[in-house]
Amino acid sequence: MNKDLLKVLIVDDEYLIRELLKKKVDWKSIECEITSEASCASEVFDILEETPIDLIITDINMPKTDGLEMSKLILESYPKMKIMILTGYDKFEYAKSGIEMGIADYILKPIQKDKIEESVLNVKKVIEQERIKELEYCFVKEKLQENLPYLQEKFFMELLHNDLVREEIEEKVKFLQLKFNMDLKFQVAVIELELGIDKKLSEENRLITLLSVKNLIDDYYKEVDGIYTIFDSKQRITICHNSNESGNLLEECNDFLEVIKANCKSNVSIGIGSPKSSINHIKESYKEALLSIRYKTILGNNTVICYKDLDIISNESTVLSPIEEEEIEQLQFLIKTGLKENAIEYLDSIFRKIVQKGDFENKLFIEHIRVQVTRIVSMLLYMISSMNIKVDSIIDDEDNYFKMVTDIKTIPGAKEILDTLITKIVDYINSVQKHMVNDYIKDVEEYIKDNIGNYGLTLKKVAANFYLNPSYLSRIFKQKIGISFKEYVNKIRIEKAVEYVRNTDMKVYEIGEKIGIPDANYFSAIFKKHVGMSITSYKKMIHK
């Protein structure tokens, strides 16, 4: 804790009152020093421009500008300044109105030594706490700059996978110093490399190759604002494009394709989503880019595939009407909620529509069936990835699964592939959900114990760390643990405090800071409530 003396300025138009204040209190005993004094407001502002001051003690009755008016002017220029007002009974109610503008405290005349010391110590405590917070803020800000690239990548993952409102996105863009132009369109391209086609690569060499390709793309765009590259959850290179300074994204991706093929022994597939007018729709462009890549099973490897060029979004085809987005969304909803029979029944209705409207005599009919099944499989695999479920937990070989789709020759065969996939996904989701609540609570308990020294350890902050609704966390926490979140945190803090009391010679305020309760008075009250005796009594008991 900072032990520097608190710098005090005394303001009163009467010299004798100023002298009385200086001599009435042993200022050094309460770690303060009178560094300046003034008789009017103009002198105060001259002093503040030249001398650092922590606390101003001023009389309410002053010539020209009274104490409250002067305080208002001071706080406008020095909002962190602490001010105490001296007042008589006749001005008491007037002085109290100053609390609303930020006056730290007021003291009734006649001046009493104990009252002044008590008030100054209270203000001093507030100042020290604010200084600690400021130091913590500076430390966090420094760490933020160090971790900015990581935080930016984490934000992009959140942006590509979650539904965020525009205001929240713009706030994070500003906070993370991203150079986006919100008036331009946003577009995503995804590059998927199939490395080691000649021989199996070690994990180290595979990662080195991926990083070298990403660095190549980063170098290409290094002079351009608004374009960022990241690795997504499947280690695909993802380009988030928001610039009119570079060329056409399709042309650039064709160039990337040729360079990668020339420098890496790998198959390359690049999917490009359609441009979106708003950043909160960039997730859709990413989904379209992923969906486009899946058509490599039909169009072959080493291709750049644009979502806008796919037949699935064209209503002009008379061979087969495309499955509507709403139909796939409803299918995903039924699967997410674990309604397996309903999902399979709904899939049956989709295929009945295909049978009723399909042109069976057209030789492209079965190819379009494969396209539609590829689309559904892609969307379902994307869905489970967005739920943080590993695809290989559902299917053993994702690429082989898509090869099965290319071998479809009948509608029953197509439906069997989808029925099997839906069954596997629903069964897995249902099994995971049984253990999810217990796992969450266990992780929350560990998090509380690991962060017990943080006095900002609140329900809201812990819930945000686990992406949970605070009300939901509060309810299930009490159900599983048997006590409320706050009671549990206090219980862990006091258990930790007891350890410090028993095993160290730390002072009360030091223990309080260690367990996240910097207010020594509040810590003492909580300790007595849980242990049944004061800290002093407890120390005497254990040292008998």
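Begin by selecting Asp-397, which is found in the loop between α15 (365–386) and α16 (398–406); helices (H or I, at least four residues) and strands (E, at least two) are DSSP runs, numbered from the N terminus. The model is predicted, so local features need pLDDT of at least 70 and side-chain atom pairs count only at pLDDT 80 or more, while totals for chains, interfaces and linings use all residues. Residues are numbered from 1 along each chain as its sequence is written, and side-chain values use heavy atoms, with hydrogens and water left out.

Asp-397 has a relative accessible area of 41% and is therefore partly exposed (buried means under 20%, exposed over 50%, partly exposed in between, with a 1.4 Å probe and protein chains only).

Next, add Glu-194, Asp-392, Asp-396 and Asp-399 to the selection: together with Asp-397, these residues gather in a patch of negative charge on the surface. Patches are made of residues with over 30% relative accessible area and no salt bridge, like charges being joined within 9 Å and nonpolar side chains (Val, Leu, Ile, Met, Phe, Trp, Tyr) within 5 Å. A salt bridge is a side-chain nitrogen of Lys or Arg within 4 Å of a carboxyl oxygen of Asp or Glu.

Move then to Pro-110, in the loop between β5 (105–108) and α6 (113–146). The peptide bond that leads from Lys-109 to Pro-110 is cis, with omega near 0°.

Select Gln-177 in the loop between α8 (166–175) and β6 (187–195). Its phi is near 60°, a positive value in a residue other than glycine, and Gln-177 is partly exposed at 42% relative accessibility.

Finish at Gln-235, in the loop between β7 (227–231) and β8 (237–241). Phi of Gln-235 is positive, near 60°, and its relative accessible area of 30% makes Gln-235 partly exposed.

Note on methods
Accessible areas come from the Shrake-Rupley method with a 1.4 Å probe; for residues, only the protein chains shown count as cover. Lys and Arg count as positive and Asp and Glu as negative; His and the chain ends are not counted. The place of a charge is taken as NZ of Lys, CZ of Arg, CG of Asp or CD of Glu.
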